[in-house]
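Colleague: I'm new to this one, so could you walk me through it with a few questions and answers?

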Amino acid sequence: MERDFLKQLISPELITSAQICGECEYKLKENIPEVYAAKQSELQEMLLEAAKKPLDVEGMLGTPLEKLFLENVKTGIHLIETDGRFDDLEDTPQGAFIAVQRLAWLSQDYHPQYGQKPLSPQEKIVFLRTVAHYCKIEADREDLGRSRFHASIFCFPKCAVQLFHVFLPDMLAVERGENGDAVTAEAYRQLLRICMQAWTLPQRGDHTDAHPISPERFRKHVWWVGANAICYRPLFQIALVLRSVEMMDTLMFVATHILTPVCAATVDTAFWSEGICADGFGWGHGRQTYNTGYPTQGIISGLEIMKELTRTPWEQELQGMDFSWALHYMNGITWGDYNGWNAPMQSRHIFKQGENIHAPCSGTEYALQIATLLKEHFFHLLQPAQQQEVDAFLRVGASPVPNYPAGQYEGVRYFWNNDDLICKTPDYYWFVNMASARCDGVECAHEMADMRNSFLSDGSYVVLRRGDEYADAMGTWQMGMLPGITSRELTNEELVPETNWRGYHSKFNFAGGAAHGLFGAAGFIFEKERTKEPEAEEEYTKEMMGVQAYKSYFALGDTFVCLGAGVRDVIPEYGRGIRTTINHTGRYTDVLLMDETGIVLEHVEGRKVLPQDKNYAVWQDGILYGVLPTDGAGAQLEICAEVRKTNWAALNAGNT
């Protein structure tokens, strides 16, 4: 009977409909009977090995939303009633969400390999009855759309895999028809229904809903590319639980095709619309630089899948693999951080207190993970020059890597796919984030992440010599005064916290640049554009709009020149002045105001306002800022050297 249930769950139509689908561009190769049988046998062995491993709590509770419930998860088994319910939870989706995490957590004690508290037969029946009850609440939900995301496809399936592993002998006995207990059989059915959700939900409303077990399912949709596709969903473990050859074939196909680039010209045809950009950086959650999250985690997960399938019948798919884009991405993302500090334009957790210095997910740390995987599992498939580069990177353990051409690990590099000009040497770092109509801005999500990321693509930059210059100062930042931007004068209190998955970018298509050695130039035309996703909040601060500027940047060794022209207010009825912020950093030394000859005019304390009709220079912490006169009527230069109180809670929802 349960074998029939498994066939119903993964019906033949889920497989065959993809093979005959006229809309599917990529299709699986058909296995000859001998290969199919070998793969089935391998999956059975892999499941038995996987079930021996302890629970990965961080993996199970792998997203911020699930971690909020961690304390509830630790509640004891004494709250389970004999009818299969927790006496403090309601029979609601939210109650089931907490319950299944508790059950997975508690099940560690009962694992046959490493558990310390064996269950009596009666206790096991009650426990499995509870598993079936709460899994059924989740699996029976009628909404199959966008509301079925974090919990339904990440956390629930991870917990279901863990519970299946803990009770694996009972589950396999049900499959073989050797366990006639109705409660265990029901738990088996409901756990498998939850596992399938990771492949089927949320429904996309296109042809792939009819054949989710197919390569095309993992393309052209933000829910099914990058980390959302193969990192946060426990798809590999579910393929083992269900022992589905087609699922594993699909995962191997996807993993071996993601080491290919995407750019603005190929975004509609590339295998992944997110992932490795042709310029070496990464796109995630649309066309935004997201090196510290979605694209990189997706690439690493793909390499992990390939690693797990070496020395199996799937290994033949690796023959002839081209890993050149993996190395291109490896050295590209090292430009996103300096001494372990992430430049704050690459995720929606820029202003999470305590995570902005020596971040565990810096570009260089991720690059080291990629290099380690290449070294330990795919080294024999690399070209000699690629092997040498991997060895050199791992030997140094950081960036830059010596003896490589300028622009590969240090020097000046223009990331044309992301409108970023970066200078990186052992002595200094400069990251300029421009905007165009081709790229998205930096997203914000006011209920779970950064709340006011509205100006990060307006030509913002960081200038670093150590790496931690902004670590504390960021907590004082006004978003309308980010280093490098030209904007209307607005305080954080005036900026409405919002969720905008695509962020803000420029109305104009022009942004460009070039780099060579220690020299580079870039420029863009800017006026803020808001592209709203359907689920984004309607309310926003309209006064952000209407400032237009032509801005350019020149890297000349250790001198950076920033020019602005055509700055104008195209919606003057919004009022307020227009300002350009030069820098906004921690105060580590005296702030010296100088004239154009270098003579110190004064040690600045508090605020100093000067008419901008002559050349001035300001020195602080080893950086000299030269400010040229402007012909703008009434323009003035303001220098602030003062103590400010941080307000992290205004910047990220996770801060206190």
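Modeller: Sure, and keep in mind that the model is predicted. Let's begin with a charge over a ring: the charged end of Arg466 sits over the ring of Tyr588, 4.2 Å from its centre.

Colleague: Which ring does the charged end of Arg102 sit over?

Modeller: Here we have another arginine whose charged end lies over an aromatic ring. The distance to the ring centre is 4.9 Å, and the ring belongs to Phe86.

Colleague: On to rings with rings. Are the rings of Phe281 and Phe415 stacked or edge-to-face?

Modeller: By the ring-centre rule, the model has 31 aromatic pairs. In this one the centres are 3.9 Å apart and the planes make an angle of 25 degrees. Planes under 30 degrees apart count as stacked, so the pair of Phe281 and Phe415 is stacked.

Colleague: How many residues apart are Phe281 and Phe415?

Modeller: Phe281 and Phe415 are both buried. Phe281 lies in the loop between strand S3 (275–276) and strand S4 (282–284), while Phe415 belongs to strand S8 (residues 411–415). The pair therefore links distant parts of the chain, 134 residues apart.

Colleague: And the rings of Tyr404 and Tyr409, are they stacked or edge-to-face?

Modeller: Their centres are 5.7 Å apart, with the planes at 70 degrees. Planes over 60 degrees apart count as edge-to-face, so Tyr404 and Tyr409 are edge-to-face.

Colleague: Is Tyr404 buried or partly exposed?

Modeller: Its partner Tyr409 has a relative accessible area of 1%, so Tyr409 is buried. Tyr404 has 24%, and buried means under 20%. Because exposed would need over 50%, Tyr404 is partly exposed.

Colleague: Let's turn to strand S10 (residues 429–433). How many of its residues are buried?

Modeller: Tyr429, Phe431 and Asn433 point one way from S10, and Trp430 and Val432 point the other way. In a regular strand the side chains alternate between the two faces of the sheet. Residues on both sides of S10 are buried, and the count is five of five.

Colleague: Which residue in S10 stands opposite Cys423?

Modeller: Strand S9 (residues 420–424) pairs with S10 in the antiparallel sense over five bridges. A hairpin of four residues joins the two strands. Across that pairing, Cys423 stands opposite Trp430.

Colleague: Which residue in S12 stands opposite Phe431?

Modeller: S10 also runs antiparallel to strand S12 (residues 460–464), joined by five bridges. There, Phe431 faces Val462.

Colleague: Which helix gives the most to the largest nonpolar core?

Modeller: That core has 126 residues, of which Phe127, Ile230 and Leu259 touch the most other members. With 11 residues, the helix that gives the most is H11 (residues 182–200).

Colleague: How many residues are in the second core?

Modeller: The second core is separate. It includes Leu421, Trp430, Leu456 and Tyr470. Its total is 61 residues.

Colleague: Back to Ile230: which helix holds its contact Ser301?

Modeller: Leaving aside neighbours within four places in sequence, Ile230 is in contact with residues including Phe218, Trp272 and Ser301. Counted the same way, Ser301 is in contact with Ile230 and Cys231. Ser301 has a relative accessible area of 12%, so Ser301 is buried. Its place is in helix H15 (residues 294–308).

Technical notes
Residues numbered from 1 in each chain as written. Predicted model: local features only at pLDDT ≥ 70, side-chain atom pairs only at ≥ 80, totals over all residues. Heavy atoms only, no water. Buried < 20%, exposed > 50% of the residue type's maximum accessible area, 1.4 Å probe, protein only. Contact = heavy atoms within 4.5 Å. Phe/Tyr/Trp six-rings, centres within 6.5 Å; stacked < 30°, edge-to-face > 60°. Lys NZ or Arg CZ within 6 Å of the ring centre and 35° of its normal. Pairing = 2+ DSSP bridges. Core = buried A, V, L, I, M, F, W, Y, C linked by side-chain atoms within 4.5 Å.
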